[in-house]
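Here are a few exercises to work through with the model open beside you. Try each one yourself before reading the solution.

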Amino acid sequence: MQFHHHGYVSGDPRVRDAEGTGVDRPLDLPEEMDLLIVGSGPAGMLLAAQMSQFPAVTTRIIERREGRLRLGQADGIQPRSVETFQAFGFAERIVAEAYNIAYMNFWGPDPQDPARIVRTARTEDYALKISEFPHLIVNQARVLDYFAESARHGPGRIVPDYGVEFLGLQVHEEGEYPVEVRVRHLVGERAGEERTVRAKYVAGGDGARSGVRDAIGRVHVGGASQHAWGVMDVLVNTDFPDWRTKCAINARAGNILHIPREGGYLSRMYIDLGEVAEDDNHRVRATSIEDIIERANAILHPYTIEVKQVAWHSVYEVGHRVTDKFDDVAEGESRSPRVFLMGDACHTHSAKAGQGMNVSMQDAFNLGWKLGYVLAGLSPESLLATYSAERLPVAQQLIDFDREWSSLMARKPEEITDPSDLATFYLGTAEFPSGFMTQYGPSMIEADGRHQALADGFPIGKRFKSVQVVRVCDGNAIHLGHHARADGRWRLYAFADAAPAGAESALAAWARAMSRPESALRRFTPQGADVDAILDVKVIYQQGYEEVDLGAVPELFLPRTGPLALTDWEKVYAAAPNAWSHADIFAERGIDRSGVVVVVRPDQYVAAILPLTATEELEAFLGQFLRAGAAG
C-alpha cells in the first residue's frame, strides 16, 4: 500500500483526504446531482465505493431502510469477488472473519438401507486450484459494511441517504439534469415529505421488485420452476459429522444444500420442499419454520439436528429471470442511456449457486468507472452503451448455468444414474461460478484478437489473471494484479524484451514514444494531474531483480507524483524467480519474449494485447474512449 506521497500520514492510510464534492458534503439530499444510486445492496454500495474515487462527480445513494443492513440473505463469496475486494482494499480483513470453503462433500442414500444417508464423495473445493483467492461464506451485511467504509473513506466521502424511498422517475430529452426522480422521506423531520430531485444519471440497484426497472418499462423475462426450497440460518447441536463442511445431500426424503457460515457455529441449510402445484398461488411460502426443520431432519436420517436458534429463514420458489436490456434506451433509439439497472433489478436466479451477490457486484464494477469517466469529462457518452452490451450476456449465461445446477440439486434418488455426476458438474464447471469465465467481446474498449498470440495467458475480454513478480526496488515478491486498486485508472503493463535495463531495445523505444508530449500518456492526462492519473504504466523485465539497474530504467517507469513530486519506485518489476517468488510470469502467461504491452481496464479486464512496436495502434485504441486533455 502506497501513501505519504502527498505528505506524511500518521493516521489510517485507508482514509483518504476529502476532495472535490467530498469537501463539506451536504447532509441533505440535494436538488441536483450527477448520479443518483437507488438501493444500498451489493451493487449499489460497490458503485458508491467506486464513485468515491471520482470526487469531481456529485454522487448520492438513497435507501428506504433507516440504517445499515443487519442480516443479509446472500452469503456466498466467489473468488472473483474476493479479487474485487482486494482492489477495494479489504480482502484480507474480510477473509479473516469469513468461513473458507475447503471441501464440498456429497451424501446419498445408503445402498444397504436407502432410508439412511451415507457420504459418497469428498471433493476439494475448486477455488484455490484456479485462483490465489479463496471461496468464502460471510454475511452480506458485512460485505456492505466494508464497501460503505470504502465509500466513506474515499475522496468523495459518499454515505447513504437512509430513509429515502424511490417513487418514480421520468427522463426528459433536454436539460443538464434530464432525469427527474420522485422520492419520499420516511424518517426524521422530513418524514412523509415527497420531493422531486434531478440527476444526470440514475443507477437502479433496488432489488428484484425494482421500482427503477418498472419506471423505465423494462420487464423480467423468464419464469419460476415448480419447485420450492426453505432456507434457514441456524445454531444447532447435531450428530451429523460434516456439519462444518459444505455438503450436497440427496436423500429419499429430499435434498439439502448445507453451507457452514462464519463464526464457527452458524450454518445455512437450503431444504427441498418438493414440487409446487401450478395452482399453489405461492401458498408454499407460508411453510412454517417448524415444518422446514422437520423436513431437514427427515432428509438427514439417521442423523438429527436440534435447533437452538433460528437467525433467519425464508421460503422461495426457484425463479430464473433476466430483463430485456440493462438501460433505458429503447430498440432503435440512438441516444445515450440515462438510467441503468444492476443486480437483482435486472437478473434473478436461485440462491444455491451462490451467484446473486457476486454477479451484482460485477455489474456495478463494470458500470462505475464508465460513469466516472463520462461524468468527469474523460470519455464520451458513447462509453455508457457498453454496460448493457457487456453485462446482459453474462446474466443470460448465469441463468442457463443456474437452471442446470438447480435441476441437478432437485433430483430424486431414482432419477440419478451416476451418484458422482453432481460432484463432477460442481468441479467441471468451477471457473464459471468462480466468476472467471466472463469474457467481453470486441467493442470500443475491447480490441480484437489479432495480437492475442503474444500473450495467450491473458485472453482479451477476460479478467487479468495475476502472477507473482518481484518488485525491483526492494526484492519483495508480490502479485502483479494486486497492486491495481479500484481507483479508476487504466493499467499499461509493458513486458520488456530480453535486453537489460539501459540497453537500446524495443522497450526503450516504447518508453521514449510514450514520453513524447503528443503521446497518449500526455494527451489523455488532465492538466495539473499526476502523469499516471489516467494511465498507470508499469514495466516487467525478464531478468532477476538484482540484475535490473534502477538507475538505467527509463524515467517513464519512475515517475514523480504528488505535490511533492516524489519518485514512485513501485512500477518496476522483474519476472525471473528469486527466493520469494518461484514463478516466471512470461512462462506462466505465454508472453512473447520479444516484448508485449497488456492494456487492462479499471475493472481488471484485459482490453488489448499489443507488441511494443505498435505505439500508433495503442494510441488509436485509447483514442476511441479517452478524451484528450491539456498536457499536465
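**Exercise 1.** How far apart do the C-alpha centres of domain 2 and domain 3 lie?

*Solution.* Start with the ground rules: this is a predicted model, where local features need pLDDT of at least 70 and side-chain atom pairs count only at pLDDT 80 or more, while totals for chains, interfaces and linings use all residues. Residues are numbered from 1 along each chain as its sequence is written, and side-chain values use heavy atoms, leaving out hydrogens and water.

Next, find the domains, whose bounds come from an automatic or database domain assignment. The protein chain is divided into domain 1 (20-74 + 139-221 + 321-403), domain 2 (102-136 + 225-319) and domain 3 (452-624). The centres of domain 2 and domain 3 are 47 Å apart.

**Exercise 2.** Describe the contact between domain 2 and domain 3.

*Solution.* First, count the residues in contact (heavy atoms within 4.5 Å): domain 2 supplies 4 and domain 3 supplies 5. Then take the buried area, which is the accessible area (1.4 Å probe) that two parts lose on being put together, summed over both. For this pair it is about 270 Å², with carbon and sulfur atoms giving 44%. Finally, look at the domain 2 side: Ile-130, Glu-132 and Phe-133 lose the most area to domain 3, together 93% of what that side buries.

**Exercise 3.** Locate the largest nonpolar core and explain why it lies between two domains.

*Solution.* Recall that a nonpolar core is a set of buried Ala, Val, Leu, Ile, Met, Phe, Trp, Tyr and Cys residues joined through side-chain atoms within 4.5 Å; buried means under 20% relative accessible area (1.4 Å probe, protein chains only). The largest core has 117 residues, and Phe-147, Trp-510, Phe-557 and Val-572 have the most contacts inside it. Its largest share, 10 residues, comes from helix α8 (residues 356-375); helices are DSSP runs of H or I, at least four residues, numbered from the N terminus. Domain 1 and domain 3 both contribute residues, so this core lies between them.

Now zoom in on Phe-557: leaving aside residues up to four places away in sequence, its contacts include Leu-507, Trp-510, Val-539 and Val-572. A second, separate core of 25 residues includes Ile-117, Val-234, Ile-256 and Ile-299.

**Exercise 4.** What percentage of the 632 residues in the protein chain is buried?

*Solution.* Buried residues make up 58% of the chain. For its overall dimensions, the C-alpha trace spans about 75 × 60 × 50 Å along its principal axes.

Terms used:
Buried means under 20% relative accessible area, exposed over 50%, partly exposed in between (1.4 Å probe, protein chains only). Helices (H or I, at least four residues) and strands (E, at least two) are DSSP runs, numbered from the N terminus.
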